[in-house]
Amino acid sequence: MFPDLERLIQLQQLDNAASDATRVVETIPSRIEALDVQLTAGAAAVDDANARLSDKKSERAAVEKRLGAVQTRLSRFREQLMAVKTNKEYTAMQHEIATADAAVQDHENTILEHMLELDDLTAAVTAANAALAASRADIEQTKAALQTERGELERTLAITAGERTTLTETIGAQAQALFERISRQRQGIAVVEARNGLCTLCNVRLRPQIFNQVLLNTELIQCDSCKRILYHDPSAKPAAATTVDAP
Ligand SMILES: [Zn+2]
């Protein structure tokens, strides 16, 4: 094989590996961000459960205060009942007492309901805290794994960059300039395999005489359509090795 072609194929392999690694590295911040969003949602659920519990406690405290006031009034009425002089006063006082008694009963029922609700809300706080703790442990572990993955990919990228520098020193200036120009213009892919008479990237059928030249791997031949440098892989499927008759 033409030495420059062979090195350009290797150069393309290094560039492909680097661009794959870079693509993955670039997804890591958004993956970490998504995990943080999950954590924030868990913390918000805990805050929400705590707020509902605390609202209900305030509500109960207000009812207890009202109950205390009614009970004070009730005992005052009972004392006053001893001091009434007329039947009319007695009946009126009895009526006040009955009303206050009903209010006491009412408030006590409400407090009972609140107690049941507080039990549920307390359980909800415990559950939200447990869910947050579990997901936090999980998320921290995933985040650590992502950081490790990023470190490994960055190491791979550094190694690949070093290999690229070493390799480019062995490539002819013209061949390298051609590679870099096509790579810039064609999304980082300058060298592709030709197989079964086709450019495997743009899928355009090559002129038979061009394809036959490509099969020899003895010079740099560009695809007529996408301008990428073509090569033939002798280890590819047998069909790829079939020559095409020149017209
Ligand atoms: Zn092409």
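This is a dialogue about a predicted model of one chain.

Colleague: What should be known about the model before its values are read?

Modeller: The model is predicted, so that local features need pLDDT of at least 70 and side-chain atom pairs count only at pLDDT 80 or more, while totals for chains, interfaces and linings use all residues. Residues are numbered from 1 along each chain as its sequence is written, and side-chain values use heavy atoms, with hydrogens and water left out.

Colleague: What makes the count of helices and strands in the chain?

Modeller: Helices are DSSP runs of H or I with at least four residues, and strands are runs of E with at least two, numbered from the N terminus. On that basis the chain has 5 helices and 4 strands, in the order α-α-α-β-β-α-β-β-α.

Colleague: How do you know whether the chain matches a compact globule or departs from one?

Modeller: The radius of gyration is taken over C-alpha atoms, and the globule rule is 2.2 Å times the number of residues to the power 0.38. For 247 residues the rule gives a value near 18 Å, but the chain has 41 Å. The C-alpha trace spans about 130 × 40 × 30 Å along its principal axes.

Colleague: Which domains does the chain have, and where do their bounds come from?

Modeller: The bounds come from an automatic or database domain assignment, which gives domain 1 (17-168) and domain 2 (173-241). Their C-alpha centres lie 63 Å apart.

Colleague: What makes a residue count as buried, and what percentage does so?

Modeller: Buried means under 20% relative accessible area, with a 1.4 Å probe and protein chains only; 31% of the 247 residues therefore count as buried.

Note on methods:
Buried means under 20% relative accessible area, exposed over 50%, partly exposed in between (1.4 Å probe, protein chains only).
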